[in-house]
Amino acid sequence: MPTRASSTTYSYLGPAGTFTEAALKQVPEAVGATWKSVNNVGEALADVVSGVSTAAMIAIENSVEGGVSATQDALATVPGLRIVGEYLVRVNFVLVARPGTRIEEVRVVNAHPVAYAQTHRWLERALPGHGHLPASSNVAAAASLLEEGGVGGSADAAVAPPGITDHHDLEVLAHDIGDNDQAVTRFVLVSRTVPVPPATGADKTSLIVELPTDGSGALVDMLEQFATRGINLSLIQSRPIGDALGRYRFVIDLEGHVLDERVADALLGLKRFSPSVMFLGSYPRADGAPAEVSPRYDDEAFVEARDWLRGLISGLR
């Protein structure tokens with residue numbers, strides 16, 4: 001963690017040693033700034049909204065379990081936020097316990113719900129019939145083993161990040177317990193609303209869209225806004241709005257930038273179609289992969305079509 005004091009503060013899901021901290025270490029602007037450890041996504045975003053922090057690093061998706069629902073719901077209900085970057089962190093885990101504990105003695109495991117989801121098959125094989133206590137973070141799961149009288153104190157072991165023993169007096173009972181050794185978690189850096197940065201050609205745009213009704217064909221109508229403009233969706237996930245059964249919003253990541261003609265045109269179509277379109281931001285992709293765009297949907301095609309229409313209206317064509 002940076003040590004030099006700074007008036008710029010970044011919030012992240014702590015304490016030190018979490019995967020979220022590893023993601024924040026990838027942000028050049030965060031070097032030398034103050035890093036504020038928080039307990040949950042809501043607290044991190046509240047820091048941003050209140051001005052306590054310049055930005056917050058939060059997990060939004062992982063390659064095993066998909067979208068992080070707590071993050072998606074928070075972004076949908078907190079106005080005035082903008083995603084300004086994304087960062088990828090490879091994820092693996094170890095099983096730790098108090099010194100002297102044998103793996104045969106483990107009956108209850110403390111783990112963050114996302115970490116538990118990514119290790120549960122290994123845990124079921126190695127510890128059949130074990131119980132699970134949810135923790136607020138991967139590091140907190142491990143640290144709680146050493147707390148007197150705390151909830152985590154009733155656990156026998158914890159799922160934690162590699163290197164946890166650098167921070168806490170614990171023993172590693174098993175290494176590489178992740179169910180998928182290719183697992184990656186995607187994090188986003190969230191700030192207050194700022195002007196959209198220039199397009200790079202390798203961008204992603206995030207939206208939250210509500211359907212106007214839950215009637216037949218409504219979802220198809222929404223998806224056509226993208227399909228008819230040649231826009232690929234890298235994520236689409238439904239989340240309940242919460243005001244009635246059958247009412248959902250959709251969290252969407254698409255390939256492209258709002259300054260791309262095809263994306264801007266799709267957003268205009270969505271705005272005409274949907275009662276609520278929340279623009280969360282356009283930002284460079286973490287993997288730097290450019291979007292593959294058919295010539296029918298590149299910027300020049302949209303510009304030529306508009307020029308053609310203007311010519312018709314003016315009588316020049």
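These exercises work through the sheet, the empty spaces and a few single residues of a predicted model.

**Exercise 1. The four-stranded sheet**

Task: Determine the strand order of the open sheet, and find which strands stand at its edges.

Solution:
- Step 1. Read the order. The four strands run β13-β14-β12-β15, and the pairing is antiparallel.
- Step 2. Find the edges. β13 (233–240) and β15 (277–284) each have a single partner strand, so one side of each lacks a neighbour in the sheet.
- Step 3. Check the twist. Neighbouring strands are turned by 15 degrees against each other on average, direction ignored.
- Step 4. Look at the inner pair. β12 (residues 203–210) and β14 (residues 248–255) are joined in the antiparallel sense by seven bridges. One of the contacts to trace is E210, whose bridge partner in β14 is R249.

**Exercise 2. Helices across the sheet**

Task: Which strands do helices α3 and α7 lie across, and at what angles do they run?

Solution:
- Step 1. Take α3 (residues 69–77). This helix lies across β12, β13, β14 and β15. Its angle to β13 is about 80 degrees.
- Step 2. Take α7 (residues 261–273). This helix lies across β12, β14 and β15. Its angle to β12 is about 5 degrees.

**Exercise 3. The largest pocket**

Task: Describe the volume and lining of the largest pocket.

Solution:
- Step 1. Give the volume. It is about 400 Å³.
- Step 2. Find the residues nearest the centre. The lining has 28 residues, and L13, T20, A59, H112 and V114 lie nearest the pocket's centre.
- Step 3. Assign the lining to elements. Those giving two or more residues are α1 (19–24), α2, β3 (55–62), α3, α4 (113–126) and β11 (184–192). β3 gives the most, with five residues.
- Step 4. Sort by class. The lining divides into 14 nonpolar, 13 polar and one charged residue.

**Exercise 4. The cavity**

Task: How many cavities of 30 Å³ or more does the structure hold, and what lines the largest?

Solution:
- Step 1. Count. There is one cavity of 30 Å³ or more.
- Step 2. Give the space inside. The largest cavity holds about 30 Å³.
- Step 3. Name the lining. It consists of G230, I231, N232, E255, R262, A291, E292 and V293.
- Step 4. Sort by class. Three lining residues are nonpolar, two are polar and three are charged.

**Exercise 5. Buried or exposed?**

Task: Classify D47, A142 and D176 as buried or exposed.

Solution:
- Step 1. D47 lies in helix α2 (residues 41–50). Its relative accessible area is 8%, and the cut-off for buried is under 20%, so D47 is buried. Leaving out residues up to four places away in sequence, D47 touches S11, K36, V38, V52 and S53.
- Step 2. A142 sits in helix α5 (residues 138–143). At 0% relative accessibility, A142 is buried too. With the sequence limit of four places again applied, A142 touches V96, A158, A160, I164 and L170.
- Step 3. D176 belongs to the loop between β10 (171–174) and β11. Its relative accessible area is 55%, and exposed means over 50%, so D176 is exposed.

**Exercise 6. Backbone details**

Task: Where is the cis peptide bond, and what is the sign of phi at D176?

Solution:
- Step 1. The cis bond joins G14 and P15, with omega about 5 degrees. P15 lies in the loop between β1 (9–13) and α1.
- Step 2. Phi of D176 is near 50 degrees. That is a positive value in a residue other than glycine.

Conventions
Residues are numbered from 1 along each chain as its sequence is written. This is a predicted model: local features need pLDDT of at least 70, side-chain atom pairs count only at pLDDT 80 or more; totals for chains, interfaces and linings use all residues. Side-chain values use heavy atoms; hydrogens and water are left out. On a 1 Å grid over the protein atoms alone, a cavity is a set of points where a 1.4 Å probe fits but cannot get out, and a pocket is an open set with protein on both sides within 12 Å along at least five of seven lines; lining residues have an atom within 4 Å of a point. Grid points are joined across faces, edges and corners, and a volume is the space filled by probe spheres set on the points. Ala, Val, Leu, Ile, Met, Phe, Trp, Tyr, Cys and Pro count as nonpolar, Asp, Glu, Lys and Arg as charged, and the others, Gly among them, as polar. Two strands pair if DSSP finds at least two bridges between them. Axes are lines fitted to C-alpha atoms, for helices over the stretch in contact, and angles run from 0 to 180 degrees between N-to-C directions. Contact means heavy atoms within 4.5 Å. Buried means under 20% relative accessible area, exposed over 50%, partly exposed in between (1.4 Å probe, protein chains only).
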